[in-house]
Amino acid sequence: MQLASRLHRADDIAAVQELYHANGWTDGLPIVPPTQASVEACLEWAMIPPDQLLGIEPVRAQPVTAEKLAINAVMAGCLPMHFPIVVTAVTAMLDAKFLLHGATASTGGCAVFVVLNGPIRHEIGASGGFNALGNSDRATAVIGRALRLALINILDVRPGGIDRSTLGHPGKFSYCVAEDEDDSPWQSVASQRGMPPGASAVTVMAAGAPRQIMNEWTTQPKEILETFAAEMRANLRHYSLHPGNYALVIPTQLRDHLQTAGWSKTDVAAFIHQRARIPRREWADVGKAAVVRDRGDTIYPALPSSDHLLVVAAGGPAGGFGAVIPPWLGHKSRAVTMPVGVCVDCEPPNGRADPE
């Protein structure tokens, strides 16, 4: 296997860290040195040649090659078994519907929220239980971080440069969750979005920070879901009226009440679609009267349709908590779901770009 990237030499691990920090190649955290052997191991695991073009960012025509992505995956701490997921996630992000340039260049400060589904969760040891949106396991932490490092080093998405985030949020380090499919009779996110049952898949969404809710005072599905809907209505008031993909992360305790009552994800989404909406005049209550004008009675739903809601079964076994994950700019960017897999019989696509 012939790699084309520049080779750097350093005396020790401390020198490696300083080299990468000095050149702006990190997210501020220490990295794993991407040796030739470790990069080749990722490419071999995924059965992808180093010069394979995974896609081109459409606005600035920036190519993403397998070799460059593997380098950043190793830097993030990925093992070879994680790399096919990173490839799939980046390919999904390059889909025009995701609007990658807007999501990464906006002042809105969104991150790439990633949901993992299917058997590959077990293969890589990804957990959808305790601390699901935090440092729950190695796999989700490093996969999410690999996407951020790839944005920095391949697409030059650096704070103050392409990245114009006013605030950002901690999900910009890593924002990846594995759905707890084993502890839930619900369809997976991937299955609901058209993937075959049992297929491993990745869903990416340009997302704001999670907004945690709590309701431990009822077992009634409508009352539980009204808490989620109220948080979505708050987002419509405080952030943006534009409808789009939202994600609900529902842990076991609340999920058990819904499932005991026979509510499916489809039922959840239909209820939320009806309840998460506000009239424009409510913007006057939060200091935005100047933009209400003559449209005060216009109703704005959080979701264009119930199909736009991602209902994710994840979280620890106890506590009446949940989370609403809002979109960055709903009417512009759409969540994208892709199966994890490699076309081993395909020729590399045309338009190969020469790495540095």
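Let's start inside, at the second largest cavity, which is lined by Val-64, Val-90, Met-93, Leu-100, Ala-150, Leu-151, Ile-154 and Leu-155. Two elements, α4 and α7, each give two or more residues to that lining. Its volume is about 50 Å³. What kinds of residues make up the lining of this second largest cavity? Eight are nonpolar, with no polar and no charged ones. Please keep in mind that we are looking at a predicted model.

Now, how many cavities of 30 Å³ or more does the structure hold? There are five. The largest cavity holds about 70 Å³ of space. Among the residues lining the largest cavity are Ala-111, Val-112, Val-114, Gly-144, Leu-147, Arg-148 and Leu-151. You may remember Leu-151, because that residue was also on the list for the second largest cavity, and α7 was one of the contributors there. For the largest cavity, β3 (111-117) and α7 each supply at least two lining residues, and α7 gives the most, with four. The lining of the largest cavity divides into seven nonpolar, three polar and two charged residues.

Let's move from cavities to pockets. The second largest pocket has about 330 Å³ of space. It has 19 lining residues, and the closest to its centre are Ala-132, Gln-212, Pro-251, Gly-315 and Phe-321. Which strand gives the most to this lining? That is β11 (residues 321-325), with three residues. In the lining of the second largest pocket you will find 11 nonpolar residues, eight polar and no charged.

Next, please find helix α3, residues 66-76. All of it is covered, in the sense that 11 of its 11 residues are buried. These include Glu-67, Lys-68 and Asn-72, as well as Leu-69, Ile-71 and Val-74. What covers them? The cover includes α1 (13-22), α2 (36-46), β1 (53-57), β2 (62-65), α4 (83-93) and α7 (138-153). Just after α3 comes Gly-77, with a positive phi near 105°.

One step further along is Cys-78, which brings us to the cysteines. How many disulfides are there? The count is zero. A disulfide is a covalent bond between the sulfur atoms of two cysteines. To be counted here, two cysteine sulfur atoms must lie within 2.5 Å. For Cys-78, the closest cysteine sulfur is in Cys-42, 6.8 Å away, so that is too far for a bond. Cys-110 has its closest cysteine sulfur in Cys-176, at 16 Å, so a bond is ruled out by distance there too. Are these two cysteines buried or exposed? Cys-78 is buried, at 7% relative accessibility, and Cys-110 is buried as well, at 6%.

Two more stops and we are done. At the start of helix α11, a side-chain oxygen of Ser-264 comes within 3.3 Å of the backbone nitrogen of Thr-266. The buried residues of α11 (residues 265-275) are Lys-265, Val-268, Ala-269, Phe-271, Ile-272 and His-273.

Finally, where is Thr-298? Look in the loop between β8 (277-279) and β9 (299-301). Thr-298 is partly exposed, at 33% relative accessible area. Beyond its neighbours within four places in sequence, Thr-298 is in contact with Ile-278, Pro-279 and Arg-280. Thr-298 and Ile-278 are 20 residues apart in sequence, and their C-alpha atoms are 8.4 Å apart in space.

How values were computed: Residues numbered from 1 in each chain as written. Predicted model: local features only at pLDDT ≥ 70, side-chain atom pairs only at ≥ 80, totals over all residues. Heavy atoms only, no water. Buried < 20%, exposed > 50% of the residue type's maximum accessible area, 1.4 Å probe, protein only. Contact = heavy atoms within 4.5 Å. 1 Å grid on protein atoms, 1.4 Å probe; cavity = no way out; pocket = protein on both sides within 12 Å on 5 of 7 lines; lining within 4 Å. Points joined across faces, edges and corners; volume = space filled by probe spheres on them. Nonpolar A, V, L, I, M, F, W, Y, C, P; charged D, E, K, R; others polar. Polar contact = N/O pair within 3.5 Å; in protein donor to acceptor, adjacent residues only side chain to side chain.
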